[in-house]
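Welcome! Please take a moment with the sequence and the 3D view below, and then we can walk through them together.

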Amino acid sequence: MKMKKKLSMGSLGALALTLTSIAAVSAQSAQAETLQNLNFRTGPGTSYPVISTLKKGTTVNIVEKSGSWTLVKYNNTVGYVSSNYLKNITATNKPPQDNNQNNNNSFKLMECSTASLNVRKGPSTSDSIIGKVYKTDRVYVAYTTSNGWSRIKYGSGYGYVSSQYLKDVKDNNNSGNNNNNNSESNNVNATMQCNVSSLNIRKGPSPNDPIVGSLKYKDKVNVVSNFKNGWSKISFNGGYAYVSTQYLSKSETNTPSNSSFMKCNTDVLNVRSGPSSSENIIGKLRKGEKVEVLYNLNSGWVRIKFNNSYGYVAGSYLI
């Protein structure tokens with residue numbers, strides 16, 4: 001017969017959950033009583049380690065209910081027990097509603113310090129990923145565990161992130177002082193403009209992240225920071241979003257009116273869908289062929305009119 005090994009309160013070590021950011025459970029918090037001997041676990045599921053076993057009739061403080069599991073505090077330790085074996089013994093048996101802005105005072109506001117941080121369903125890398133937060137995104141931390149996880153408010157519920165990638169929020173965006181600790185991005189805080197016909201705005205700095213909007217040619221945006229992977233973090237709809245850096249220009253040099261047409265000076269010149277040699281080829285120019293130049297990018301690429309639309313060519317091959 002298999003025996004399940006339990007951890008004693010004296011040997012919890014890194015597995016014990018401790019409140020470091022959430023306000024202490026007050027006398028007005030809900031209390032409950034265990035209906036039988038009940039395993040006290042580090043996470044909301046039977047796969048999580050057992051901290052200890054609470055005896056039948058033990059009184060615990062309810063921190064939060066989450067489905068069939070309840071987060072409780074017992075002897076200054078926080079953990080999960082099955083909701084089915086608890087009996088409420090006070091009238092107040094619900095945690096504060098998340099949509100009450102004032103409740104954020106019970107949480108610690110922190111900031112993501114890495115380019116991309118997985119938000120998981122539970123405090124373990126084996127738990128499923130339910131989303132991501134990105135560099136300088138701010139989150140409300142309910143509590144942290146001594147084995148390196150933080151429970152955060154995420155969407156309409158909660159999730160867990162690795163605590164080592166969170167840092168305290170500093171006023172006036174002074175997080176730039178820590179750039180030497182993480183060279184994955186650099187602060188910009190500049191107004192830039194879209195230099196293509198249409199540019200997807202995404203939830204995260206990856207072409208695999210969901211599209212949340214788009215920019216049109218010459219639309220202006222405030223760029224917060226640039227990542228070394230070629231993405232820019234921009235202000236968007238009261239928050240942040242991401243676009244590909246190569247399609248943004250800080251300034252443009254308009255071609256003089258008397259030089260709006262230029263000639264191709266090489267045998268064959270590729271016309272591309274964007275200002276990069278990695279973009280799709282949408283056509284070609286032949287030597288001596290004239291094109292109407294709209295503007296020159298600082299990167300050396302030129303936006304031209306092409307086949308009733310637009311394209312990009314290397315400016316060094318035009319005269």
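A residue is called buried when its relative accessible area is under 20%, exposed when it is over 50%, and partly exposed in between, using a 1.4 Å probe and protein chains only. By that yardstick C264 is buried, with a relative accessible area of 2%.

Before going further, a word on what you are looking at. This is a predicted model, in which local features need pLDDT of at least 70 and side-chain atom pairs count only at pLDDT 80 or more, while totals for chains, interfaces and linings use all residues. Residues are numbered from 1 along each chain as its sequence is written, and side-chain values use heavy atoms, with hydrogens and water left out.

Let us begin with the overall plan. The protein chain holds zero helices and 29 strands; here helices (H or I, at least four residues) and strands (E, at least two) are DSSP runs, numbered from the N terminus. Of its 319 residues, 43% count as buried. A contact means heavy atoms within 4.5 Å, and among the contacts with a separation of 6 or more, 58% are made by residues 24 or more positions apart.

Now back to C264. You will find this residue in the loop between β24 (261–263) and β25 (268–272). Not counting residues up to four places away in sequence, C264 touches L269, L285, R286, K287, G288, E289, Y317 and L318. C264 and A314 are 50 residues apart in sequence, with 10.0 Å between their C-alpha atoms.

Another loop residue to look for is A30, placed between β1 (17–18) and β2 (31–34). A30 counts as buried at 4% relative accessibility. Its C-alpha lies 6.0 Å from that of N61, although 31 residues separate A30 and N61 in sequence.

Next comes the largest nonpolar core. A nonpolar core is a set of buried Ala, Val, Leu, Ile, Met, Phe, Trp, Tyr and Cys residues joined through side-chain atoms within 4.5 Å. This one has 17 residues, of which L199, L215, I234, V243 and L248 touch the most other members. At least two residues of this core come from each of β16 (185–194), β17 (198–202), β19 (220–227) and β21 (239–244). Take L248 as a guide: leaving aside neighbours within four places in sequence, L248 is in contact with ten residues listed here, M192, Q193, C194, N195, L199, L215, V221, V223, S232 and V243.

Two of those partners deserve a look of their own. C194 counts as buried at 0% relative accessibility. N195 lies in the loop between β16 and β17, and at 1% relative accessibility N195 also counts as buried. Beyond its neighbours within four places in sequence, N195 is in contact with Y217, Q246, Y247, L248, S249, P275, Y295, L297, R303 and Y312.

Two names in that list, Y217 and R303, meet again: the charged end of R303 sits over the ring of Y217, 4.1 Å from its centre. A charge sits over a ring if NZ of Lys or CZ of Arg is within 6 Å of the ring centre and within 35 degrees of the ring normal. K153 likewise lies over the face of Y140, at 5.8 Å from the ring centre.

What about charges that meet each other? Side chains of opposite charge can pair when their charged atoms come close. A salt bridge is a side-chain nitrogen of Lys or Arg within 4 Å of a carboxyl oxygen of Asp or Glu, and a search of the whole structure finds three. In one of them, D168 pairs with K108, the closest N and O atoms being 3.1 Å apart. This pair links distant parts of the chain, with D168 in strand β15 (residues 166–168) and K108 in strand β9 (residues 108–112), 60 residues apart. D168 is partly exposed at 45%, and K108 is partly exposed at 34%.

E111 forms a salt bridge with K167, with 3.9 Å between the closest N and O atoms. Here too strand β9, holding E111, is linked to strand β15, holding K167, across 56 residues. E111 counts as buried, at 4% relative accessibility.

E292 and K305 form a salt bridge as well, their closest N and O atoms being 3.9 Å apart. E292 belongs to strand β27 (residues 290–296) and K305 to strand β28 (residues 301–306), 13 residues apart.
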